[in-house]
Amino acid sequence: MKYYIGVDGGGTKTAFSLCSGDGEPIAEHLTAGSSYLMYGIDLVVERIKTGVEQCLQKGNVSLGDVAAISMGLPCVGENAVMDPQLKERICACFPGVQIYVTNDVEVGWAGSLACEEGINVVAGTGSIAFGEDGSGKTARSGGWAEFFSDEGSCYWTGRKTLELFSKEADHRLPRGPLYDIIREEFRLSDDFELIDLMVKEYFPYREKVASLQILLEKAAVRGDPQAIEAYRAAAAELGLIVRGVVNQLHFEPGFPISYSGGLFKAGDLILKPFGEQIHALGGRLVKPQLSPVTGAVLLCFFKFNPADFPSVAQKIKNRQ
């Protein structure tokens, strides 16, 4: 029996999934983020190596019994110098194993649509979209860099949360629930105390800025109009990212568009306006079939064992 491992990397966390040759789940593991731009190649390679080893240990499986590992990692495909170094270092950790390293957006697509035609948009710490049309042509859009891209992501909405608080604090906008939520969360006796706190404890850490989106969600649930509008703005940006993929590929009307990432945990606050964007593009919004890390497992079969892929994909979908 040979085994397969899927890895779904992100800016905040990295998930590992070990399954048997017939798609049965054996073990899972979770560790810290795996963006080499954030943490450096050395640390990312060590996290990947250790994560795979711990996943194998949980499943009582040796590396020699692993046929393939498929992993989606942030930033892959964006740097002609760093990409080969990263892939070479990772492959050296797992001699004799077939390795597929791609951008994390592809494993999001593989999970959401089970490697079938359509588009998946990721809105986690960052934002990006990936699609494949009926001819097998692929394309991506968005996800350039947090400084001038990642629109509609948790990082983007986290910054928007602070922007809205500052505007509500000094009466540029009417004060709503967001104002009180921020003051309570950070125990502010003076609104300007937030500046020093953010500069020292949040701004240096992308994932902590992204976590502020949870406060925006709380405010929107309580009816803060500015917070609700922020989700509509995020949906518009994500729709534009999807449009970028649509413009590069060919789809028939009604093609599926799915989603993954932490922002979508906000439910209808983001899904309803995002669905409107998708409808305007001629697509249909569909729920993710599988998780991104399961998508990474599917990619192992899709890339290295295509003969077994259809049956394994069906078995995995039937278990959901």
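Q: Leaving aside its neighbours within four places in sequence, which residues is Trp156 in contact with?
A: In this predicted model, Trp156 touches Asp150, Glu151, Ala230, Ala233, Ala234 and Glu237. They count as contacts because heavy atoms come within 4.5 Å.

Q: Where is the place of Trp156, and how far is its C-alpha atom from that of Gly126?
A: Trp156 belongs to helix H5. Trp156 and Gly126 are 30 residues apart along the chain, and their C-alpha atoms are separated by 7.8 Å.

Q: What makes H10 and H11 oblique to each other?
A: Look at the angle. Their axes cross at roughly 40° and come within 8 Å. Roughly parallel would need an angle under 35 degrees, and roughly perpendicular would need 65 to 115. The angle of roughly 40° fits neither of those, so H10 and H11 are oblique. For the record, H10 covers residues 225-246 and H11 covers residues 268-280, and H10 passes H11 in a right-handed crossing.

Q: Which residues in H10 meet which residues in H11?
A: From H10 you get Tyr231, Arg232, Ala234, Ala235, Ala236, Leu238, Gly239 and Val242, and they meet Leu269, Ile270, Pro273, Phe274, Glu276, Gln277 and Ile278 in H11. Sorted by class, that contact has eleven nonpolar, two polar and two charged residues. Gly239 goes in the polar group, because Gly is counted as polar here.

Q: Why is H6 called oblique to H9?
A: The same kind of check works here. The axes of H6 (residues 177-185) and H9 (residues 213-221) cross at roughly 135° and come within 8 Å. To be roughly antiparallel, the angle would have to be over 145, and roughly perpendicular stops at 115. An angle of roughly 135° falls between those limits, so H6 is oblique to H9. H6 passes H9 in a right-handed crossing.

Q: Which residues of H6 and H9 make the contact?
A: H6 brings Pro177, Leu178, Ile181, Ile182 and Glu185, while H9 brings Leu215, Leu216, Lys218 and Ala219. The classes come out as seven nonpolar, no polar and two charged. Glu185 and Lys218 are the charged pair, because Glu and Lys count as charged.

Q: How do you know that H12 is roughly antiparallel to H13?
A: The axes of H12 (residues 292-304) and H13 (residues 309-319) cross at roughly 160° and come within 9 Å. Roughly antiparallel means over 145, and roughly 160° passes that mark, so the label fits. The crossing is right-handed.

Q: What makes the contact of H12 with H13?
A: Thr294, Leu298, Phe301 and Phe302 come from H12, and Phe309, Val312, Ala313 and Ile316 come from H13. By class there are seven nonpolar, one polar and no charged residues. Thr294 is the polar one, because Thr is on neither the nonpolar list nor the charged list.

Q: What volume does the largest pocket have, and which residues are closest to its centre?
A: The volume is about 1,300 Å³. Of the 50 residues in the lining, Gly10, Gly11, Gly124, Thr125 and Gly126 are closest to the centre. The lining divides into 21 nonpolar, 19 polar and ten charged residues.

Q: Which residues line the second largest pocket?
A: They are Leu162, Phe165, Ser166, Ala169, Asp170, Arg172, Asp191, Phe192, Leu194, Ile195, Met198 and Phe203. The space there is about 270 Å³. By class, the lining has eight nonpolar, one polar and three charged residues. Asp170, Arg172 and Asp191 are the charged ones, because Asp and Arg count as charged.

Q: Which element gives the most to the lining of the second largest pocket?
A: That's H5, with four residues.

Conventions
Residues are numbered from 1 along each chain as its sequence is written. This is a predicted model: local features need pLDDT of at least 70, side-chain atom pairs count only at pLDDT 80 or more; totals for chains, interfaces and linings use all residues. Side-chain values use heavy atoms; hydrogens and water are left out. Axes are lines fitted to C-alpha atoms, for helices over the stretch in contact, and angles run from 0 to 180 degrees between N-to-C directions. Helices (H or I, at least four residues) and strands (E, at least two) are DSSP runs, numbered from the N terminus. A crossing is left-handed if the near helix is turned anticlockwise from the far one by less than a right angle, and right-handed if clockwise. On a 1 Å grid over the protein atoms alone, a cavity is a set of points where a 1.4 Å probe fits but cannot get out, and a pocket is an open set with protein on both sides within 12 Å along at least five of seven lines; lining residues have an atom within 4 Å of a point. Grid points are joined across faces, edges and corners, and a volume is the space filled by probe spheres set on the points.
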